[in-house]
Amino acid sequence: MALLHSVNVSRSTFPLSRSSKIVLSSSFASLPLQFHRNFKRLESSVPPSASAAASPAFPIDVEYLRQEFSGHGATFEDIGETCIAKLKLDNGSSANVMLTRGMITSYKVRVWHGGKVELLHTWVEQEEEEEDVVIRGGVSTAFNSSDSDDINEWRLHGISGDSKDCVQMELRRSDKKIKEIELKQIISLREETLSIELFVTNKGISPIRLEGCSLVSYLTVSTPEATYAVGLEGSDFVETTPFLPRFRVVQGEDEEEKTTGFGGEEESNYKQLNEEMSRIYTFAPKSFTVIDRGRRNSVIVGREGFEEVYMYSPGSRLESYTKSAYVCIGPSSLLNPISLEPACVWRGVLHLHNPNS
């Protein structure tokens, strides 16, 4: 499937009517946060919290969310059939999460000059010959398991923390056909870092493989010519046709034939993203820096649990210094599926760290 990079409408807010039907497209991070052990074995089941048991079913009851989760640095805004959770810290950092899809549509940070900048690129499109409003970009987990997108939704499990240091949101979902699979996503907003943790639990008795899993972010930039990836020198990569990563769960030991393109080794430690490119780095540092000289800003992209990094740049064909300028970067498991034994949990993380505050 081709990577969705054409832009028909680009807006910082979503002026949707209450009757609009919303369709979301899955998009394909030295950090101050240290995590260990991406795999762990389940010792016992943990009973769900009171907030999980009381989570409202779709359509979302926004008033319930406001009453239940107020005082944790989070507010809720109703947009049509779903709503946006707005996480905000006292220092000005903020993130917007679209519930039911777990999609992060905005991440704003305070920078060196005292103002705030948007780090994510998100846009809204009207589907041709349809009334559906499609939201693309941002950051979201790429999933396409046995459930259809219309049924399998993330549900809010709880919000913790406060607006001073950290606001943390936990979302959960399960595969309705493969009952042994449980998915959990934890979004953490700290003063200089946004982290997205993905947990996949195999509660069955057979091993599974996680295919096409990714946490790729659409980073907004002034122009690809002014954007550089720093720290990838010596990393192995495979050229690939631009595509949108999808996730699926495979039970047992079935293998599928895989195709790859031209491979090589990154020669530049200051890789300019001015040419159109679509690459999977198969051997790369756990973190590297994306510098935008046009906006005088940088983002450290870090990962855990994932062995690969996907990178896409539309190159110079997009008009410079417009809202359509972006690059896609983030951890993935597109070439080599992740194997998960019974009674085990896999954990993958994307960190977006802003060192410019």
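**Salt bridges around buried charges**

E266 is buried, with a relative accessible area of 5%. In this predicted model, E266 and R279 bring their side chains together in a salt bridge, with 2.8 Å from N to O. E266 sits in the loop between β20 (263-265) and β21 (270-272), whereas R279 belongs to strand β22, so the contact ties together parts of the chain that are 13 residues apart in sequence. R279 is itself buried, at a relative accessible area of 10%. Both residues count as buried because each value, 5% for E266 and 10% for R279, falls under the 20% cut-off.

R279 also takes part in a salt bridge with E239, where the N to O distance is 2.9 Å. Here the two partners come from distant parts of the chain: E239 lies in strand β18 (residues 236-239) and R279 in strand β22 (residues 277-283), a separation of 40 residues. E239 is partly exposed, with a relative accessible area of 24%. R279 thus meets the side chain of E266 as well as that of E239.

Turning to another part of the chain, E170 pairs with R172 in a salt bridge whose closest N and O atoms are 2.6 Å apart. E170 is buried, its relative accessible area being 16%.

The structure holds nine salt bridges in total, among them the pairs E266 with R279, E239 with R279 and E170 with R172. Elsewhere, salt bridges with shared partners join E197, E304 and R347 into one network.

Note on methods:
Residues numbered from 1 in each chain as written. Predicted model: local features only at pLDDT ≥ 70, side-chain atom pairs only at ≥ 80, totals over all residues. Heavy atoms only, no water. Salt bridge = Lys/Arg side-chain N within 4 Å of Asp/Glu carboxyl O. Buried < 20%, exposed > 50% of the residue type's maximum accessible area, 1.4 Å probe, protein only. Helix = DSSP H or I, 4+ residues; strand = E, 2+ residues; numbered from the N terminus.
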